[in-house]
Amino acid sequence: MMLFNLAFRNIRRSLRDYAVYFFTLIIGVSVFYVFNAIGTQAAYMRFSERQNEIVELLSQLLSGLSVFVSAILGLLIVYASRFLMKRRNREFALYLTLGMGKGSISAIMLIETVFIGLISLAVGLMLGVGLSQLMSALVANLFEADMTAYQFSVSGEAIVKTIFCFAVIYLVVMLLNSFMVSKFRLIELIHSDKKSEKVKLKNPWLCVFVFMASAAALGFAYYQVGWNYSNLGQSSLGAYIVTGAVTTFLIFWSVSGLLLRIVMSMKQVYYRDINSFTFRQLSSKVNTMVFSMTLICLMLFVTICSLSSAFSIRNSMNANLKKLCPADCQITHYAGRDTGTGEPLEKSFLASDQTANTASLFKAQGCPLTDKFSEYVQFRLYSDPKLTFGAFFGDDFNEVKKRYLYLNYEESEDIVALSDYNDLMKLYNRKTLSLKEGECILLCNFVSMKSLRDEILKKNRPFTIFGHSLKPKYTECQDGFIDLASQPLNAGIYVVPDSVVSDRKVSEQYVQREYIIGNYAANTKEGRQKTEDELDAVCKKINSPSDSFNMNTKIDISEATIGLGAIVTFIGLYIGIVFLISCGAILALKELSESVDSIGRYTMLRKIGVEETDISKSLRRQTGLFFLLPLTLAGIHSIFGMKFAGYFLEMFGTEKIGISIAFTVGIILVIYGGYFLITYFSSKGIIRER
């Protein structure tokens, strides 16, 4: 009974003094439950068949990711327990002095861990169940699902998974605590509060050299991934990532040695108020946290980039869907070609009969397109074997190839007749084009490819297409596309006068593919879906090696886009929130531990007449700078990290990247800033206890 009473008393004291620890446990449990309950919550919503598959995939991905998350949270809780035990050294010394055995102390720790686990699990699960209902609204919003059948629900599977994972974590904590108790030595426990971290003044010149060398290496890595990305291979990219991690460590190592030196050299600052005490305390903390600061900085960097990218992808894809998918259906008929010579196969429907077209094939199958579409256009895309992507660069080919090693320079360029393109633009409700004989226009909306092509177009060199010399009408690519999509992926299409492709030989031999793009005649959701099913059935029926058909629809593109956006958003949120919790908790626990060790120092400040407001100001500055140092370097990393990520985000669009970054900053302020505030006020309470 005595051991239970001691354990309960210690729990009450921990609740008062260590709000950070319990806050972290409760938030960790609730976040773990919320993301593992998504599959159950979604079961009460109405999705299409494809969306159901995406939700199931999302649940599986989050479930797999939870293994990684539980490992992170486990390490965090073990780390926290070590600091909390240090807080109680004098208490353990008293137990041993009174004759209590180490086995009894281990039993007290065991009871405390069990009750702390039960309390955090109970509160965390209750909070998680409440938050999961809000998460349901987010799921419905992302997937545009029907929530009329939704009801309040609790995921038994998520509860079991959460209890199991955290039970394993608490078991590890129990074993660790028992091991640490077995290593106790009474004399060390009694004098633990008299020990302090010695501030070692590192050689300033060595610190300056290491800082400058690290900054130069980091700058070089920034340049390579931010401006020379096209020449990066997997090995070189990995090398620059390692360089960034190592230089981050060296920067913190050198800064920990320079910080106090720099402030000491500024006499007016160093001797103002109690700044000498403030910066010595801060320098001591940073000196003992170089490796931890490095990990926290890198985790914050991953958090900023993952959250910003995830929200940007989701926002951009939704915005692009309206712009880049302006019709209901696209049927693409590929002319069969011999894989060895590239020549059209004799049995190819398009290559064998100039008057034949895809519409006649559908009509022959009892599916006339005039009945299925209220309006549609039909046209062909061509390719000139002599006009490859490499040939586009002309005399600049060798120079471009040195800069961009991994592009496919042998691929043929796409060519479309002016009248066909204008007919499509009328269907899309977009601006039509005009050309004179001897002119052409290059369309491109893939950002990085557009900038590369614009360099060549500015030289105003003519292109030879099917024997015709055509000069570009504009010295830069025009915004345009043909295929329905949710991303701006058009890397280049030539619009040429009709006379260039009117020759019978061109029509017979150089047809690349034929398009039918239109809007459905049906105006109800059920009718449109029925039309899609009928068209898809015909495409599958008439498919052959020499004539393959691909059907792409607004419904499919929309559902795939929404699904990808949801997956990216949830994974980014999950990783970002867990990393933020970890970073904030590690810094908070270290700061609280330092506050416990420094109680005597603050008592001495009061004895020599330092005002309480000055002590509070010193503590606030220490805590603020301690939290700000890794965040500042992570912010700098993120500027160049997002520059690199931008090259991949281009395929989705980055129009709303500013909003995404602002939202990310908001999340960081709430969670990371919340830890700062809790840490400051908890530390303030600790140093006042005497």
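**Group meeting talk: from Gln 622 outwards**

Okay, let's start with one side chain. Gln 622 touches Phe 277, Thr 278, Gln 281, Leu 282, Lys 285 and Tyr 602, leaving aside residues up to four places away in sequence. Before I go on: this is a predicted model, so please hear everything that follows in that light.

So where does Gln 622 sit? Gln 622 is part of helix α25. And is Gln 622 buried or exposed? Its relative accessibility is 1%, and because buried means under 20%, Gln 622 counts as buried.

Stay in that region for a moment, as there is a cavity to show you. Searching the whole structure turns up 2 cavities of 30 Å³ or more. The largest has a volume of about 50 Å³. Which residues line the largest cavity? They are Asp 273, Ile 274, Asn 275, Thr 278, Asp 614, Lys 617, Ser 618 and Arg 621. You'll recognise Thr 278, which is also one of the residues that Gln 622 touches. Two helices, α12 (275-287) and α25 (612-649), each supply at least two residues of that lining. The largest share, 4 residues, comes from α25. If you're thinking about the chemistry of the wall, the lining has 1 nonpolar, 3 polar and 4 charged residues.

Now for the nonpolar side of things. In soluble globular proteins, nonpolar side chains tend to be buried together. Here, the largest nonpolar core has 82 residues, and Phe 35, Phe 166 and Tyr 574 touch the most other members. Helix α23, residues 554-597, gives the most to this core, with 19 residues. Let me pick out Phe 166. Not counting residues up to four places away in sequence, its contacts are Gly 28, Val 29, Phe 32, Leu 73, Ile 77 and Leu 121. There is also a second, separate core of 29 residues, with Phe 446, Met 449, Leu 452 and Leu 470 among them.

On to the strands. Take β3, residues 414-417. What covers or leaves open the faces of β3? Both faces are covered: Asp 414 and Val 416 on one side, Ile 415 and Ala 417 on the other, and all are buried. As for its partners, β3 pairs with strand β2 (residues 373-382) in the antiparallel sense over 2 bridges, and there Tyr 382 stands opposite Ile 415. With strand β7 (residues 493-496), β3 pairs in the parallel sense over 4 bridges, and Ala 417 stands opposite Val 496.

β2 has another partner to mention. Strand β8, residues 511-520, runs antiparallel to β2, and 9 bridges join the two. One of the pairs there is Phe 379 with Tyr 515 in β8.

Let me zoom out to finish. The protein chain has 26 helices and 9 strands. Of its 690 residues, 52% are buried. And among contacts between residues at least 6 apart in sequence, 85% join residues at least 24 apart.

Methods. Residues numbered from 1 in each chain as written. Predicted model: local features only at pLDDT ≥ 70, side-chain atom pairs only at ≥ 80, totals over all residues. Heavy atoms only, no water. Core = buried A, V, L, I, M, F, W, Y, C linked by side-chain atoms within 4.5 Å. Buried < 20%, exposed > 50% of the residue type's maximum accessible area, 1.4 Å probe, protein only. Contact = heavy atoms within 4.5 Å. 1 Å grid on protein atoms, 1.4 Å probe; cavity = no way out; pocket = protein on both sides within 12 Å on 5 of 7 lines; lining within 4 Å. Points joined across faces, edges and corners; volume = space filled by probe spheres on them. Nonpolar A, V, L, I, M, F, W, Y, C, P; charged D, E, K, R; others polar. Pairing = 2+ DSSP bridges.
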